[in-house]
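Ready for a few warm-up exercises? Have a look at the model below, then work through the tasks one at a time.

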There are 2 protein chains.
Amino acid sequence: MSTVLSIPASSQPLTIGMLLYPGFTLLDLAGPQAALGLHGRTLLFWKTLEQVPTDSGISVNPTHTFADAPDALDVLFVPGGMGTNEAMLDPEVVEFLARLGQRARYVTSVCTGSLLLGMAGLLDGYRAATHWAAYEALEALGVTSAPDRVVADRNRITGGGGTAGIDFGLTLLAELRGDDVAKITQLLMEYDPHPPFNTGHPRVAGELLTQAARAALGEDLILNITKIASARHTRIEI
Amino acid sequence: MSTVLSIPASSQPLTIGMLLYPGFTLLDLAGPQAALGLHGRTLLFWKTLEQVPTDSGISVNPTHTFADAPDALDVLFVPGGMGTNEAMLDPEVVEFLARLGQRARYVTSVCTGSLLLGMAGLLDGYRAATHWAAYEALEALGVTSAPDRVVADRNRITGGGGTAGIDFGLTLLAELRGDDVAKITQLLMEYDPHPPFNTGHPRVAGELLTQAARAALGEDLILNITKIASARHTRIEI
């Protein structure tokens, strides 16, 4: 076996810090964590060490409080979820991200996690991805929203909605550890997708399905998150 | 908007029971849960209500003990992970699955979770999927191993390695709720995959990468899980 193709055990393990918050989506975090976590240590941050509920009845346990979070992260990561809107209004969360984001090697997110990065000012002057229902909210934060699966703009690497976290994680891993390591990791994760339908983005799903999906999310939620995003500049400029 | 394309809120919510065990892979559970969990209630089973560590430093909290698990599940689901081998040797886990599997409407798994179903006798006479590194172990259990992304054989629906859980979850959802609901859910999850490489299965990754991935998993682990699987029949027949 070529040594080029082994996962070099001698590499410095990555330090990956992930934000938890009530109502995050488990898959948003699990996808990137599966790709990156094999190559380092995953730290999970919340205000306390109490369990944090996801948006679907599962709860996950933080490993570090905001106060105990180490400064030097290879990757700062923020998942999205139905609770993003409330987290955007929580100054403790936004200030924590702003503080860690200044020092992390990569500042990253999946899904509506980019709205939290934007709220913390970490995407000012950057292009970023988000869930398709949140393009408008991201623009309202003053961030250039790109309808892409993964967007890399200098050290800001962001993924689209939910499942984009797997593509995001492997893309970031390739940048951190090289293509061979990312290819082996993709094989370990058996990431050879066969979606049962071709409806994963409004671009391919069409108008009718997109309307139904927006209704399932709730138009109020979508409006509300855009309103919260718009208020960022109001508050800062006043 | 056509009412045909809305997610019918009046449907009876699904009851989805998922096994936790030390060393399961978070993504194996998070993928299916993202697809199915939107349409019902997710119950997480373990011996106690103590937190259960995944195979990557994250821990998740059970909602029910084995003793408290309800009989009537729409879906019984088992994730895979680096801890599958130990769970296969745990009679309490195997007997719990055998008991619930007899009554669940669908008996399902992703990745090496099918080895646990097989150990519980729930795949005798069925075709099933598993992680590519575990085809041999599944055969050793007396189960017909299929190298497919998702395998449906009567009410046994099983997915391949890790990321196959998303394809599995949406496939099962289509069976339970119809294609329209599954299509909308795929759109909500933005499941429009763009893998950075084409190396997600030995079939496409080739020999060299597959050898490297096997080495990263550990040949000992692969051998050991096959040995545990082979011992099932020895124990039962003696």
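Two strands pair if DSSP finds at least two bridges between them. Strands (E, at least two residues) and helices (H or I, at least four) are DSSP runs, numbered from the N terminus.

Some ground rules before we start. This is a predicted model, where local features need pLDDT of at least 70, side-chain atom pairs count only at pLDDT 80 or more, and totals for chains, interfaces and linings use all residues. Residues are numbered from 1 along each chain as its sequence is written, chains are lettered from A and ligands numbered from 1 in the order in which they are written, and side-chain values use heavy atoms, with hydrogens and water left out.

**Exercise 1. Work out the sheet of chain A and what packs on it.**

Step 1: Start with a single pair. E1(A) (residues 14-19) and E6(A) (residues 75-78) run parallel, paired over three bridges. Within this pair, Met18(A) has Phe77(A) as its bridge partner.

Step 2: Now widen the view. The open sheet has seven strands in the order E5-E2-E1-E6-E7-E11-E10, with mixed pairing. At its edges sit E5(A) (64-65) and E10(A) (150-153), each pairing on one side only.

Step 3: Add the helices, using contact in the sense of heavy atoms within 4.5 Å. Angles run from 0 to 180 degrees between N-to-C directions, with axes being lines fitted to C-alpha atoms, for helices over the stretch in contact. H1(A) (residues 26-37) packs on the sheet, touching E1, E2, E6 and E7 of chain A, and its direction makes about 175 degrees with that of E1(A). H6(A) (residues 164-177) also packs on the sheet, touching E1, E6, E7, E10 and E11 of chain A, at about 160 degrees to the direction of E7(A).

**Exercise 2. Explain why E7(B) counts as largely enclosed.**

Step 1: Fix the terms: buried means under 20% relative accessible area, exposed over 50%, and partly exposed in between (1.4 Å probe, protein chains only).

Step 2: Check the strand. Five of the five residues of E7(B) (residues 106-110) are buried, so the rest of the structure largely encloses this strand. Tyr106(B), Thr108(B) and Val110(B) point one way, while Val107(B) and Ser109(B) point the other way.

Step 3: Look at its partners. E6(B) pairs with E7(B) in the parallel sense over four bridges, and there Val78(B) has Ser109(B) as its bridge partner. E11(B) (residues 156-159) runs parallel to E7(B) too, joined by four bridges, and Val107(B) stands opposite Arg156(B).

**Exercise 3. Find how the two chains are related and which side chains link them.**

Step 1: Superpose the copies by least squares on the C-alpha atoms of residues with pLDDT of at least 70 in both. A turn of 180 degrees and a shift of 0.0 Å along the axis lay chain A on chain B with an RMSD of 0.0 Å. The copies are therefore related as by a two-fold rotation axis.

Step 2: Find the residue of chain A that comes closest to that axis: Val60(A), at 2.3 Å (C-alpha). The same surface serves both copies, since 100% of the contact residues of chain A recur in chain B.

Step 3: Trace polar contacts (a pair of N or O atoms within 3.5 Å; within protein, one must be able to donate a hydrogen and the other to accept it, and residues adjacent in sequence count only if both atoms are side-chain atoms). Ser59(B), in E4(B), is buried at 8% relative accessible area, and its side chain makes a 2.8 Å polar contact with that of Asn61(A). Asn61(B), buried at 7%, makes side-chain polar contacts with Ser59(A) at 2.8 Å and Gln51(A) at 3.3 Å.
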